[in-house]
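Let's take a walk through this structure together, starting where the chains meet and then moving into a sheet.

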Amino acid sequence: MTVQQAAARLGWTEFHLADPERRVSGGYAGDLLSWVMGRAGQDCAWFTIMSNQNVAAVALMADVACVVLTEGVRPDADLLRRAGEKGVNLLGTAEDTFTAAVRLARALEE
Amino acid sequence: METIKLVYPVEGGDLIEAGEASSKMKLTLKKLGLPQDVIRRASICMYEGEINMVIHADGGQAEVEIDPGQIRICMTDTGPGIPDVQQAMQEGFSTAGQTARELGFGAGMGLPNIKRYSDEMHIDTQLGKGTTVTVLIKIPQ
(Lines give C-alpha, C1' and ligand atoms only; values in the text may rest on other atoms or scores of the structure.)
Protein backbone atom coordinates (compact mmCIF):
# COMPACT_ATOMS: atom_id res chain seq x y z
CA MET A 1 0.00 0.00 0.00
CA THR A 2 1.33 3.44 -0.87
CA VAL A 3 1.24 6.44 1.42
CA GLN A 4 -1.35 8.08 -0.80
CA GLN A 5 -3.53 4.97 -0.79
CA ALA A 6 -3.28 4.72 3.00
CA ALA A 7 -4.19 8.40 3.35
CA ALA A 8 -7.23 8.03 1.13
CA ARG A 9 -8.39 4.83 2.75
CA LEU A 10 -7.89 5.91 6.37
CA GLY A 11 -8.94 9.52 5.90
CA TRP A 12 -5.60 11.05 6.82
CA THR A 13 -5.12 14.75 6.21
CA GLU A 14 -2.28 15.42 3.75
CA PHE A 15 -0.11 18.21 5.15
CA HIS A 16 2.78 17.50 2.79
CA LEU A 17 3.07 14.66 0.30
CA ALA A 18 6.63 14.57 -0.99
CA ASP A 19 6.53 10.99 -2.25
CA PRO A 20 2.93 9.73 -2.54
CA GLU A 21 4.01 6.43 -4.08
CA ARG A 22 6.28 5.48 -1.18
CA ARG A 23 5.25 2.08 0.16
CA VAL A 24 4.09 1.63 3.74
CA SER A 25 5.07 -1.72 5.20
CA GLY A 26 4.21 -1.32 8.88
CA GLY A 27 3.80 1.14 11.69
CA TYR A 28 5.52 2.53 14.76
CA ALA A 29 4.08 4.68 17.54
CA GLY A 30 6.23 6.88 19.77
CA ASP A 31 7.07 10.41 20.80
CA LEU A 32 10.61 10.10 22.17
CA LEU A 33 12.69 10.89 19.12
CA SER A 34 15.75 8.79 19.91
CA TRP A 35 13.52 5.88 20.79
CA VAL A 36 11.80 6.22 17.42
CA MET A 37 15.19 6.48 15.73
CA GLY A 38 16.33 3.25 17.31
CA ARG A 39 13.19 1.21 16.90
CA ALA A 40 11.04 2.42 14.00
CA GLY A 41 11.38 0.18 10.98
CA GLN A 42 12.29 1.40 7.54
CA ASP A 43 9.22 2.16 5.40
CA CYS A 44 6.85 2.26 8.38
CA ALA A 45 4.23 4.89 9.14
CA TRP A 46 5.29 6.74 12.30
CA PHE A 47 2.43 7.82 14.57
CA THR A 48 3.26 10.64 16.95
CA ILE A 49 1.90 13.69 18.72
CA MET A 50 5.29 15.42 18.49
CA SER A 51 5.07 18.29 16.02
CA ASN A 52 8.34 20.20 16.28
CA GLN A 53 10.63 20.36 13.28
CA ASN A 54 13.02 17.70 14.60
CA VAL A 55 10.30 15.24 13.62
CA ALA A 56 11.17 15.84 9.96
CA ALA A 57 14.87 15.16 10.56
CA VAL A 58 14.15 11.96 12.50
CA ALA A 59 11.74 10.77 9.79
CA LEU A 60 14.43 11.36 7.17
CA MET A 61 17.21 9.58 9.08
CA ALA A 62 15.07 6.64 10.18
CA ASP A 63 13.78 6.44 6.60
CA VAL A 64 10.14 5.98 7.57
CA ALA A 65 7.52 6.08 4.81
CA CYS A 66 5.52 8.85 6.43
CA VAL A 67 4.76 10.70 9.65
CA VAL A 68 1.17 10.68 10.89
CA LEU A 69 0.37 13.30 13.51
CA THR A 70 -2.41 11.90 15.66
CA GLU A 71 -4.98 13.34 18.08
CA GLY A 72 -5.70 16.23 15.75
CA VAL A 73 -2.20 17.68 16.21
CA ARG A 74 -1.25 19.99 13.36
CA PRO A 75 2.28 20.79 12.21
CA ASP A 76 3.63 24.23 12.92
CA ALA A 77 5.06 26.31 10.07
CA ASP A 78 8.63 25.19 10.81
CA LEU A 79 7.78 21.49 10.63
CA LEU A 80 5.86 22.01 7.39
CA ARG A 81 8.82 23.88 5.93
CA ARG A 82 11.27 21.22 7.02
CA ALA A 83 9.09 18.39 5.72
CA GLY A 84 9.13 20.18 2.38
CA GLU A 85 12.90 20.69 2.44
CA LYS A 86 13.62 17.11 3.41
CA GLY A 87 11.01 15.40 1.27
CA VAL A 88 9.12 13.91 4.19
CA ASN A 89 5.53 12.71 3.82
CA LEU A 90 3.58 14.44 6.60
CA LEU A 91 -0.02 13.54 7.35
CA GLY A 92 -2.48 13.83 10.20
CA THR A 93 -5.57 12.33 11.76
CA ALA A 94 -7.98 13.31 14.51
CA GLU A 95 -7.88 9.73 15.80
CA ASP A 96 -5.85 8.76 18.84
CA THR A 97 -2.58 6.94 18.21
CA PHE A 98 -3.93 3.50 19.16
CA THR A 99 -6.94 3.74 16.86
CA ALA A 100 -4.92 5.10 13.95
CA ALA A 101 -2.30 2.35 14.31
CA VAL A 102 -4.90 -0.41 14.58
CA ARG A 103 -6.71 0.83 11.49
CA LEU A 104 -3.48 0.91 9.49
CA ALA A 105 -2.55 -2.58 10.68
CA ARG A 106 -5.93 -3.91 9.55
CA ALA A 107 -5.63 -2.18 6.19
CA LEU A 108 -2.18 -3.65 5.66
CA GLU A 109 -3.42 -7.15 6.48
CA GLU A 110 -6.21 -7.08 3.89
CA MET B 1 35.81 4.23 -6.05
CA GLU B 2 38.46 6.38 -4.42
CA THR B 3 38.15 7.38 -0.81
CA ILE B 4 35.81 10.33 -0.42
CA LYS B 5 36.38 12.63 2.53
CA LEU B 6 33.72 15.01 3.76
CA VAL B 7 33.75 17.41 6.68
CA TYR B 8 30.59 18.75 8.30
CA PRO B 9 30.65 21.41 11.00
CA VAL B 10 27.95 20.98 13.65
CA GLU B 11 26.71 24.17 15.20
CA GLY B 12 25.89 24.12 18.86
CA GLY B 13 23.09 25.64 20.79
CA ASP B 14 20.16 25.29 18.47
CA LEU B 15 18.57 21.90 18.95
CA ILE B 16 15.60 22.88 16.81
CA GLU B 17 17.82 23.27 13.75
CA ALA B 18 19.95 20.21 14.53
CA GLY B 19 20.30 17.53 11.89
CA GLU B 20 21.61 19.60 8.99
CA ALA B 21 24.98 17.82 8.84
CA SER B 22 23.28 14.42 8.89
CA SER B 23 20.83 15.48 6.19
CA LYS B 24 23.65 16.62 3.93
CA MET B 25 25.61 13.42 4.48
CA LYS B 26 22.55 11.31 3.71
CA LEU B 27 22.02 13.17 0.45
CA THR B 28 25.65 12.54 -0.56
CA LEU B 29 25.42 8.83 0.29
CA LYS B 30 22.27 8.59 -1.82
CA LYS B 31 23.98 10.28 -4.75
CA LEU B 32 26.80 7.74 -4.47
CA GLY B 33 24.22 5.00 -4.89
CA LEU B 34 25.08 3.14 -1.68
CA PRO B 35 22.67 0.45 -0.40
CA GLN B 36 19.57 1.83 1.34
CA ASP B 37 20.27 -0.02 4.58
CA VAL B 38 23.84 1.31 4.74
CA ILE B 39 22.61 4.87 4.17
CA ARG B 40 19.97 4.49 6.87
CA ARG B 41 22.39 3.10 9.45
CA ALA B 42 25.02 5.76 8.73
CA SER B 43 22.39 8.51 8.89
CA ILE B 44 21.05 7.33 12.24
CA CYS B 45 24.56 7.14 13.74
CA MET B 46 25.47 10.58 12.43
CA TYR B 47 22.21 12.17 13.60
CA GLU B 48 22.51 10.76 17.10
CA GLY B 49 26.10 11.98 17.28
CA GLU B 50 25.07 15.38 15.97
CA ILE B 51 22.30 15.68 18.55
CA ASN B 52 24.73 14.70 21.31
CA MET B 53 27.20 17.36 20.17
CA VAL B 54 24.47 20.01 20.20
CA ILE B 55 23.04 19.02 23.59
CA HIS B 56 26.26 18.37 25.47
CA ALA B 57 29.13 20.12 23.74
CA ASP B 58 27.97 23.26 21.92
CA GLY B 59 28.63 21.66 18.58
CA GLY B 60 31.65 20.05 16.99
CA GLN B 61 32.68 18.50 13.72
CA ALA B 62 31.95 15.32 11.82
CA GLU B 63 34.43 13.84 9.34
CA VAL B 64 33.10 11.20 7.01
CA GLU B 65 35.32 8.90 4.91
CA ILE B 66 33.68 6.70 2.34
CA ASP B 67 35.68 3.76 1.01
CA PRO B 68 34.44 0.98 -1.26
CA GLY B 69 34.09 -1.29 1.75
CA GLN B 70 33.06 1.00 4.58
CA ILE B 71 31.91 4.37 5.86
CA ARG B 72 33.89 5.86 8.72
CA ILE B 73 32.28 8.68 10.68
CA CYS B 74 34.41 10.52 13.19
CA MET B 75 32.52 13.00 15.39
CA THR B 76 34.65 15.27 17.53
CA ASP B 77 33.70 17.90 20.09
CA THR B 78 35.48 19.97 22.69
CA GLY B 79 32.76 19.55 25.30
CA PRO B 80 32.94 18.38 28.92
CA GLY B 81 33.71 14.74 28.15
CA ILE B 82 31.84 11.67 29.40
CA PRO B 83 32.58 10.81 33.06
CA ASP B 84 31.40 7.19 32.83
CA VAL B 85 31.23 5.76 29.32
CA GLN B 86 29.80 2.44 30.47
CA GLN B 87 26.93 4.26 32.17
CA ALA B 88 26.40 6.52 29.15
CA MET B 89 26.08 3.44 26.95
CA GLN B 90 23.13 2.12 28.95
CA GLU B 91 19.71 2.60 27.37
CA GLY B 92 17.70 5.12 29.34
CA PHE B 93 20.62 6.89 31.01
CA SER B 94 20.68 10.57 30.11
CA THR B 95 22.11 13.82 31.41
CA ALA B 96 20.21 15.95 28.88
CA GLY B 97 18.46 19.03 30.22
CA GLN B 98 14.80 19.95 30.31
CA THR B 99 14.76 21.75 26.95
CA ALA B 100 16.09 18.71 25.12
CA ARG B 101 13.56 16.48 26.84
CA GLU B 102 10.67 18.75 25.93
CA LEU B 103 11.66 18.43 22.28
CA GLY B 104 11.58 14.64 22.50
CA PHE B 105 15.30 14.02 23.06
CA GLY B 106 17.09 12.95 26.24
CA ALA B 107 15.63 9.45 26.28
CA GLY B 108 19.06 7.99 26.87
CA MET B 109 19.12 6.24 23.52
CA GLY B 110 21.70 8.25 21.58
CA LEU B 111 24.89 6.27 22.16
CA PRO B 112 23.02 2.93 22.38
CA ASN B 113 21.45 3.67 19.00
CA ILE B 114 24.87 4.39 17.50
CA LYS B 115 26.12 1.06 18.88
CA ARG B 116 23.04 -0.71 17.54
CA TYR B 117 23.36 0.56 13.98
CA SER B 118 27.13 0.56 13.52
CA ASP B 119 29.49 -2.33 12.90
CA GLU B 120 32.15 -0.81 15.13
CA MET B 121 32.05 2.07 17.59
CA HIS B 122 34.86 3.68 19.58
CA ILE B 123 34.57 6.43 22.17
CA ASP B 124 37.61 8.47 23.12
CA THR B 125 36.76 10.96 25.85
CA GLN B 126 38.68 13.17 28.24
CA LEU B 127 37.00 15.14 30.99
CA GLY B 128 37.18 18.85 30.32
CA LYS B 129 38.67 18.32 26.87
CA GLY B 130 36.11 16.63 24.70
CA THR B 131 34.88 13.48 23.08
CA THR B 132 35.44 11.71 19.79
CA VAL B 133 32.99 9.05 18.70
CA THR B 134 34.17 6.98 15.74
CA VAL B 135 31.79 4.75 13.89
CA LEU B 136 32.38 2.19 11.14
CA ILE B 137 29.65 0.95 8.87
CA LYS B 138 30.57 -1.80 6.46
CA ILE B 139 29.30 -1.74 2.91
CA PRO B 140 28.36 -5.24 1.76
CA GLN B 141 30.08 -6.11 -1.53
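How many residues of chain B are in contact with chain A? Contact here asks that the C-beta atoms of two residues, placed from the backbone, lie within 7 Å, and by that test 20 residues of chain B touch 18 residues of chain A. This is a predicted model, in which local features need pLDDT of at least 70 and side-chain atom pairs count only at pLDDT 80 or more, while totals for chains, interfaces and linings use all residues. Residues are numbered from 1 along each chain as its sequence is written, and chains are lettered from A, with ligands numbered from 1, in the order in which they are written.

Now look at a sheet in chain B, where strands are DSSP runs of E with at least two residues, numbered from the N terminus. Strands count as paired if DSSP finds at least two bridges between them. Strand β3 (residues 70-77) pairs with β2 (residues 59-66) in the antiparallel sense over six bridges, and a hairpin of three residues joins β2(B) to β3(B). Strand β5 (residues 130-138) also runs antiparallel to β3(B), through eight bridges.

B:Ile73 is a handy landmark: B:Val64 stands opposite this residue, and so does B:Val135 in β5(B).

In a regular strand the side chains alternate between the two faces of the sheet. Along β3(B), B:Ile71, B:Ile73, B:Met75 and B:Asp77 point to one face and are buried, meaning that 20 or more other C-beta atoms, placed from the backbone, lie within 10 Å of their own. B:Gln70, B:Arg72, B:Cys74 and B:Thr76 point to the other face and are not buried.

How values were computed
A residue is buried if 20 or more other C-beta atoms lie within 10 Å of its own, exposed if 12 or fewer, and partly exposed in between; C-beta atoms are placed from the backbone. Helices (H or I, at least four residues) and strands (E, at least two) are DSSP runs, numbered from the N terminus.
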